[in-house]
Amino acid sequence: MAKTIVAMLFALTAMRASTADAFPYSDFFTPANPQHLGLTLFASAIGAESRYAATHEGFQLEQTLNPYIGVVGRVSGYQNYQGAGWDNPLTPHPRTRPRNLGVFMGGLDLLPFQGTSLAILGGRDVGDSNGARIEGDFSSWILLHSRHPINLSFTGDHFYNNGQSSGAIDVRVVMSSWREVTWLLGAGGQLWSNSSLTNLQKEFGPDLGLFFRQWNLSVDFQAGYGNSHGYATIAISHHFSWDEL
């Protein structure tokens, strides 16, 4: 998964550099002007028939350093109600009660050019999971200034508490953009594996995304089928941003 992210980032950077008139990243050591402070509040839930159910919420702070690098800090909480799924850092356990854990992570957000970012984070769980974890979050907009931009995103995680690696990938197209809301349609899914699984586990399905401009609010739905049988997810995020003069 890490090789996939690096390959995509390298290819996109190479395409950008080949079309740039000036030497790329010549202003790397120049502070961002203006600098930005961002705050994102998020919550999500997943259910997979009778096999897996979990919720997840928290906040993330982002601060730019220069035009190409920012620092990221994230605090989140997980509630695992049953089963084992793609984003589960827990070892197998009886289904006697919800398992709760907090996650503290920090790292860098690489911004090679407009519309593309790669955040590399590391941190640790507390609570019912107490292991370290690492994460990479890649997102890129293709044909950004066209009528129907395309977004490619990929998240990869490794949980040291149970040795599981997982990833989520989405490809979505802006179908329409109105004054009040932007609609995105596409497809995506999840992959996961650990030493106790004989085969790579996977699930895929269609995506629907809504971005409400007035509130800077995103709502995303996905439903599909895979090794956990039928599943559905919902994710909500609200972003705030401030310029620092």
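**Entry 1: Gly226**

I started at Gly226, which lies in strand β11. Strands here are DSSP runs of E with at least two residues, helices are runs of H or I with at least four, and both are numbered from the N terminus. A note to self before going on: this is a predicted model, where local features need pLDDT of at least 70 and side-chain atom pairs count only at pLDDT 80 or more, while totals for chains, interfaces and linings use all residues. Residues are numbered from 1 along each chain as its sequence is written, and side-chain values use heavy atoms, with hydrogens and water left out.

Is Gly226 buried or exposed? I count Gly226 as buried because its relative accessibility is 15%; buried means under 20% relative accessible area, exposed over 50%, and partly exposed in between, with a 1.4 Å probe and protein chains only. Setting aside residues up to four places away in sequence, Gly226 touches Lys202 and Glu203, contact being heavy atoms within 4.5 Å. I also looked at Gly189, 37 residues from Gly226 along the chain, and found 9.0 Å between their C-alpha atoms.

**Entry 2: Glu203**

The contact with Glu203 led me on. Glu203 is found in strand β10, residues 201-212. Glu203 counts as buried because its relative accessibility is 2%. Beyond residues up to four places away in sequence, I listed Ile46, Trp86, Gly188, Gly189, Gln190, Trp192, Tyr225, Gly226, Ser228 and Tyr231 as touching Glu203. For Tyr225, 22 residues away along the chain, the C-alpha separation from Glu203 is 5.4 Å.

**Entry 3: the cores**

Next I looked up the nonpolar cores, each a set of buried Ala, Val, Leu, Ile, Met, Phe, Trp, Tyr and Cys residues joined through side-chain atoms within 4.5 Å. Which residues make up the largest nonpolar core? I found eight: Ile46, Ala48, Tyr52, Ala54, Trp86, Ala168, Trp192 and Tyr231. β1 (35-48) and β2 (52-66) each supply at least two residues of this core. A second, separate core has seven residues, including Val72, Tyr78, Val103 and Leu121.

I then took Tyr52 from the largest core and checked its surroundings. Apart from neighbours within four places in sequence, Tyr52 contacts Ile46, Gly47, Asn80, Gln82, Gly83, Ala84, Gly85, Trp86, Asp87 and Asn88.

**Entry 4: strand pairing**

Now for the strands, which I call paired if DSSP finds at least two bridges between them. Back at β11 (residues 217-226), I found ten bridges to β12, with the two strands antiparallel. Ala223 has Ala232 as its bridge partner in β12. β11 and β12 form a hairpin with two residues between them. On to β1: β1 and β12 (residues 229-244) pair in the antiparallel sense over 13 bridges, and Gln35 is bridged to Glu244 in β12.

I went on to β3 and β4. Strand β3 (residues 69-82) pairs with strand β4 (residues 99-113) in the antiparallel sense, over twelve bridges. The partner of Val75 in β4 is Phe104. From β4, eleven bridges lead to strand β5 (residues 116-127), again antiparallel, and Asp109 has Ala119 as its bridge partner in β5. What lies between β4 and β5? They form a hairpin with two residues between them, and Gly115 in the turn has a positive phi of about 90°.

**Entry 5: Asp137**

Ala119 turned up again when I looked at Asp137, found in strand β6 (residues 132-142). I count Asp137 as buried because its relative accessible area is 16%. Leaving out residues up to four places away in sequence, Asp137 touches Arg74, Ser117, Leu118, Ala119, Leu121, Phe154 and Thr155. The side chains of Asp137 and Thr155 make a polar contact of 3.2 Å; that term means N or O atoms within 3.5 Å, where within protein one must be able to donate a hydrogen and the other to accept it, and residues adjacent in sequence count only if both atoms are side-chain atoms.

**Entry 6: the whole chain**

I closed with the overall picture. I counted one helix and twelve strands in the chain, with the helix placed before the strands in the pattern along the sequence. Of the 245 residues in the chain, 39% are buried. Among contacts between residues at least 6 apart in sequence, 50% join residues at least 24 apart.
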